Amino acid sequence: MMNIEQDLVAALEPIRQMTLAICVNHFFETGVYRKLEAGECDLDTLSRSLDLERARLGGLLGYLRNENIVSHDKGVYALTDKARLLGRYSAWYTMLVGGYTETFVQVGECLKGQGKWATRDVGKVGIGSCGISHYDAIPLTQRLMAKMDTPARTLLDLGCGNAMYLVEFCKTMPQLRAYGVEPSRDACLSAERIIAAEGLSDRIKVINKSVRDFLEGKEDLKPDVMVLGFVLHEILGQEGKAGVIDFLKTVTARYPAINLIVIEVDNQAANPTIMEHGLAKAYYNPYYLIHEFTEQRLMTDAWWQSLYEEAGLKIVNHDYPDEAVDSTRLEIGYLLKRRG
Ligand SMILES: C[S@@+](CC[C@H](N)C(=O)[O-])C[C@H]1O[C@@H](n2cnc3c(N)ncnc32)[C@H](O)[C@@H]1O
């Protein structure tokens, strides 16, 4: 009989990686990773302290041991170096696995059906996205804020996720007051916990609304800077191009001197040269796919620039994340102001 075993191992590699990605995310979400990070632990203590079913937890840990994520010695479990490496980047798991696994599962169904959108866990998307932004978009936003004509005093973050931008900015800018608007209840609850834990409840307020409901409301804020981190492409999916232009015009009519900071991802999915980049394959390729199937639309840098023009905005500055984090130049930050 022909020996197919080597082929089979190669052919099953995506299944191995799918299982691993999902189990690593459970490892983070259930708190097992955090517990082991605090110190090695036996199964009884782990299952009791985290209120997890002992036998099944043993099964998950056995699987993770075979993947070299935990070690198991004399009845005690500990994190491996590989686990600690994954742990540093857990936010990518929160967003892509926690937030979007259900989306990947629905791809086949959505291909058949009359523009039906796949679902996602929006709270986890917002929370994971903020964790990723800690490395790329938050430092980028800070660099763009330094280019503003006046120092920021009141910041409004629309689609703020778990308010990580607001917390990080308030920690480094003592004069700043910050407001976040976020439609996901889960992300708002997470934001409130983080803000309280950082002792910033007197300087940061989060409003559980969509941007439209917020703009139609009577909140009397006077922001000098507004942040839209990966949110315009959400509004584009929900309201179309005319809706985004109307939204931007409404914002600048209400706050004529506002500094607008927009972070977006340049849609280069069809550019084979860029898509050979390691981070493009590991991150942007699944990221682009997700956006084809959920109610959001990624566009190119050129497309956004022409939309800003139509919305009466000028680009004061633009920039990219630090090259040491992301050298693809696929993520772009724009500092915008109303023209004239
Ligand atoms: C990709 S996450 C970005 C989170 C964060 N701004 C960042 O830069 O990491 C998109 C966020 O926009 C929020 N969002 C989606 N539609 C929105 C709308 N119409 N108004 C306000 N926020 C919205 C989502 O709930 C989610 O938290």
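Ala311 touches Ile245, Leu248 and Lys249, with residues up to four places away in sequence not counted. This contact set belongs to a predicted model, in which seven strands form an open sheet of mixed pairing and a ligand has 17 residues around it. The points below begin with the surroundings of Ala311, then move through the sheet, the nonpolar cores, helix H7 and the ligand, and end with two residues of positive phi.

**Ala311 and its loop**

- Ala311 is placed in the loop that links helix H16 (301-310) to E9, and with a relative accessible area of 4% this residue counts as buried.
- Although Ala311 and Asn3 belong to one chain, they stand 308 residues apart along it, and their C-alpha atoms are separated by 63 Å.

**The seven-stranded sheet**

- Read across the open sheet, the strand order is E6-E5-E4-E7-E8-E10-E9, with mixed pairing; its edges are strand E6 (204-207) and strand E9 (313-319), each of which pairs on one side only.
- On average, and with direction ignored, neighbouring strands of this sheet are turned by 20° against each other.
- Strand E4 (154-158) is mostly covered, since five of its five residues are buried.
- The cover on E4 extends to both faces, with Thr154, Leu156 and Leu158 buried on one side and Leu155 and Asp157 buried on the other; in a regular strand the side chains alternate between the two faces of the sheet.
- E4 runs parallel to strand E5 (residues 177-181), to which five bridges join it, and within this pairing Thr154 stands opposite Arg177 of E5.
- Strand E7 (residues 225-229) and E8 are likewise parallel and joined by five bridges, with Asn259 of E8 serving as the bridge partner of Val225.
- Helix H14 (residues 232-254) lies across E4, E7, E8, E9 and strand E10 (331-338), and its direction makes an angle of about 165° with that of E8.

**Asn259 in strand E8**

- Asn259 lies in strand E8, which spans residues 259-265, and its relative accessible area of 2% makes this residue buried because the value falls under 20%.
- When residues up to four places away in sequence are left out, the contacts of Asn259 are Met148, Asp149, Thr150, Asp224, Val225, Met226, Leu335, Leu336 and Lys337.

**Nonpolar cores**

- The largest nonpolar core comprises 48 residues, among which Met145 and Ile204 have the most contacts inside it; helix H15 (residues 278-293) gives the most to this core, contributing six residues.
- Apart from its neighbours within four places in sequence, Met145 is in contact with Ala152, Leu155, Phe169, Met173, Val225 and Ile261.
- A second core, separate from the largest one, has 34 residues, including Tyr179, Val181, Met299 and Leu313.

**Helix H7**

- Helix H7 (residues 90-99) is mostly covered, with eight of its 10 residues buried, namely Ala91, Trp92, Tyr93, Met95, Leu96, Val97, Gly98 and Gly99.
- These buried residues of H7 pack against several helices: helix H2 (13-29), helix H6 (81-88), helix H8 (101-112), helix H9 (122-133) and H15.

**Surroundings of the ligand**

- Of the 17 residues around the ligand, those that come nearest are Ser129, Ser133, Gly159, Tyr165 and Glu182.
- The side chain of Ser129 places an N or O atom 2.7 Å from an oxygen atom of the ligand, while a polar backbone atom of Cys130 is 3.3 Å from an oxygen atom of the ligand.
- A nitrogen atom of the ligand, in turn, lies 2.8 Å from a backbone N or O atom of Gly159.

**Positive phi in two loop residues**

- Asp51, a residue other than glycine, has a positive phi near 55°; its place is in the loop between helix H4 (43-50) and helix H5 (54-66), where it is exposed with a relative accessible area of 71%.
- Ala163 also has a positive phi, near 70°, in a residue other than glycine; it lies in the loop between E4 and helix H11 (164-172).
- Whereas Asp51 is exposed, Ala163 is buried, with a relative accessible area of 0%.

Note on methods: Residues numbered from 1 in each chain as written. Predicted model: local features only at pLDDT ≥ 70, side-chain atom pairs only at ≥ 80, totals over all residues. Heavy atoms only, no water. Helix = DSSP H or I, 4+ residues; strand = E, 2+ residues; numbered from the N terminus. Buried < 20%, exposed > 50% of the residue type's maximum accessible area, 1.4 Å probe, protein only. Contact = heavy atoms within 4.5 Å. Pairing = 2+ DSSP bridges. Axes fitted to C-alpha atoms, helices over the stretch in contact; angles between N-to-C directions. Core = buried A, V, L, I, M, F, W, Y, C linked by side-chain atoms within 4.5 Å. Near = heavy atom within 4 Å. Polar contact = N/O pair within 3.5 Å; in protein donor to acceptor, adjacent residues only side chain to side chain.
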